[in-house]
Amino acid sequence: TSLWRRVSGATAAEEVVEGVESLHFQYGEDTAGDNVIAVDEYRTANLVTDWNQVLSVRVALLVRSLCEYGNDTDARAYQVLERNIPAPNDRRLRQIFTTTVTLRNAAT
């Protein structure tokens with residue numbers, strides 16, 4: 001599993017990072033309508049009510065090692081933002097990485 005990208009006009013996608021099993025986004029929306037610029041709720045794209053009120057994006061990746069390691073099976077389920085990922089039941093190491101980015105000129 002990998003993270004791929006396709007450049008505009010290119011015929012083939014190119015691999016960016018190996019080992020990415022899951023990539024998810026949530027959008028921070030100012031829903032209060034109170035003239036205070038602040039995120040009130042993080043939502044998936046299909047639940048955003050007003051894209052003009054999106055102030056930030058939360059990004060999360062579940063990344064795994066390229067090779068199996070040790071003797072213990074990874075029987076743990078993962079939660080990447082609000083998405084549940086079932087236990088992989090293999091011997092790879094995994095880590096969740098999450099960051100939140102403020103959109104340029106959205107919080108001014």
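The secondary structure of this chain amounts to zero helices and eight strands. Read from the N terminus, the elements therefore follow the pattern β-β-β-β-β-β-β-β. The coordinates belong to a predicted model, and every value discussed below is computed from that model.

The overall dimensions come next. The chain has a radius of gyration of 18 Å, whereas a compact globule of 108 residues would have one near 13 Å. Along the principal axes, the C-alpha atoms fill a box of roughly 55 × 40 × 20 Å. Of the 108 residues, 24% count as buried, where the criterion is a relative accessible area under 20%. The chain exposes about 7600 Å², and carbon and sulfur atoms supply 48% of that area. As for contacts, those with a separation of 6 or more serve as the reference set, and residues 24 or more positions apart account for 47% of them.

Attention may now turn to the arrangement of strands. An open sheet of four strands has the order β4-β3-β5-β8, and its pairing is antiparallel. Strands β4 (41-43) and β8 (94-102) stand at the edges; each has a single partner strand, so one side of each is left without a neighbour in the sheet. Neighbouring strands of this sheet are turned by 25° against each other on average, with direction ignored. In general, strands of a sheet pair through backbone hydrogen bonds, in either a parallel or an antiparallel manner.

Which strands does β5 stand between in the order of this sheet? The order places β5 between β3 and β8, and the two pairings can be followed residue by residue. On one side, strand β3 (residues 20-29) and β5 pair in the antiparallel sense over nine bridges. Within this pairing, Tyr27 has Val57 of β5 as its bridge partner.

On the other side, nine bridges join β5, which spans residues 54-64, to β8, and these two strands run antiparallel. Two positions illustrate this pairing: Ser56 stands opposite Thr102 in β8, and Leu61 stands opposite Phe97 in β8. The antiparallel sense can be traced in the numbering of these pairs, with Ser56 facing Thr102 and Leu61 facing Phe97.

Taken together, the chain combines eight strands and zero helices with a radius of gyration of 18 Å, and the sheet described here is an open one of four strands in antiparallel pairing.

Note on methods. Residues numbered from 1 in each chain as written. Predicted model: local features only at pLDDT ≥ 70, side-chain atom pairs only at ≥ 80, totals over all residues. Heavy atoms only, no water. Pairing = 2+ DSSP bridges. Axes fitted to C-alpha atoms, helices over the stretch in contact; angles between N-to-C directions. Rg over C-alpha atoms; globule rule 2.2 N^0.38 Å. Buried < 20%, exposed > 50% of the residue type's maximum accessible area, 1.4 Å probe, protein only. Contact = heavy atoms within 4.5 Å. Areas by Shrake-Rupley, 256 points an atom, 1.4 Å probe, with all protein chains shown as cover.
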